[in-house]
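Good morning. I have one structure to show today, and I will go through it from the overall layout down to a single residue. Please have a look at it first.

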Amino acid sequence: LDEGGFNATVSAMSGGMITPNLEDPVSMSVIGELANMVSGRALIQAASGTEVTPPQLISGDGIKTIPSQSPGIRSFTLPFKLTAGGTLFLVLSFSV
């Protein structure tokens, strides 16, 4: 998430009860919960025999790329523009 997306997501998912703050573990746990919900839904929708690993939450300045460069791993970054502002970047990696 960019900062605008982080603020919008934390506010929306907490009903405005949590003040978005990148240094606050509670704010970050809201984003972790979003990642868990997406992963859980992917597992439900996936074909049988598919393994879904727990999501990872990576934060910091200047992160340019997350996808693995390992052979046999294909990664896709999906950007989502949020109505309240900001962008959410979902990175999906698959073993091929």
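I will take the overall layout, then the helices, then the strands, and end on one threonine.

A word on the source: this is a predicted model. The protein has 2 helices and 2 strands, and along the sequence they come in the pattern α-α-β-β. Of its 96 residues, 16% count as buried. The accessible surface is about 7,100 Å², and carbon and sulfur atoms hold 57% of that surface. As for contacts with a separation of 6 or more, 30% of them are between residues 24 or more positions apart.

Now the helices. Which residues make up the largest nonpolar core? There are 5 residues in all: Phe6, Val10, Met28, Val30 and Ile31. Two elements give two or more residues each to this core, namely helix H1, residues 3–13, and helix H2, residues 25–45. H2 provides the largest share, with 3 residues. As a general remark, nonpolar side chains in soluble globular proteins tend to be buried together.

Taking H1 by itself, the buried residues are Gly5, Phe6, Ala8, Thr9 and Val10. Their cover includes H2 and S2, so please keep strand S2 in mind for later. After H1 comes Gly15, with a positive phi near 65 degrees.

H2 has 21 residues. From its first C-alpha to its last it reaches 30 Å, close to the 30 Å expected at 1.5 Å a residue. Buried in H2 are Ser27, Met28, Val30, Ile31, Gly32 and Ser39, and the buried residues of this helix pack against H1. Take Val30 as one of them: leaving aside neighbours within four places in sequence, Val30 is in contact with Thr9, Val10, Met13 and Ile18.

Next, the strands. In which sense do S1 and S2 pair? The pairing is antiparallel, over 9 bridges, with S1 covering residues 73–81 and S2 covering residues 87–95. Two facing positions can be picked out on the model: Arg74 stands opposite Phe94, and Phe80 stands opposite Leu88. The two strands form a hairpin with 5 residues between them. In the turn, Gly85 has a positive phi of about 115 degrees.

That leaves the threonine, Thr87, which lies in S2. Is Thr87 buried or exposed? Its relative accessibility is 6%, and the cut-off for buried is under 20%, so Thr87 counts as buried. What does Thr87 touch, leaving aside its neighbours within four places in sequence? The list is Leu1, Asp2, Gly5, Pro79, Phe80 and Lys81. Gly5 is one of the buried residues of H1, and Phe80 is the residue that stands opposite Leu88. With Lys81 there is also a polar contact, 3.3 Å between the two side chains.

To recap: the buried residues of H2 pack against H1, S1 and S2 form a hairpin, and S2 is among the elements that cover the buried residues of H1. Thr87, in S2, is in contact with Gly5. That is what I have for today.

Note on methods
Residues are numbered from 1 along each chain as its sequence is written. This is a predicted model: local features need pLDDT of at least 70, side-chain atom pairs count only at pLDDT 80 or more; totals for chains, interfaces and linings use all residues. Side-chain values use heavy atoms; hydrogens and water are left out. Helices (H or I, at least four residues) and strands (E, at least two) are DSSP runs, numbered from the N terminus. Buried means under 20% relative accessible area, exposed over 50%, partly exposed in between (1.4 Å probe, protein chains only). A polar contact is a pair of N or O atoms within 3.5 Å; within protein, one must be able to donate a hydrogen and the other to accept it, and residues adjacent in sequence count only if both atoms are side-chain atoms. Contact means heavy atoms within 4.5 Å. Two strands pair if DSSP finds at least two bridges between them. A nonpolar core is a set of buried Ala, Val, Leu, Ile, Met, Phe, Trp, Tyr and Cys residues joined through side-chain atoms within 4.5 Å. The expected span of a helix is 1.5 Å times one less than its number of residues. Accessible areas come from the Shrake-Rupley method with a 1.4 Å probe; for residues, only the protein chains shown count as cover.
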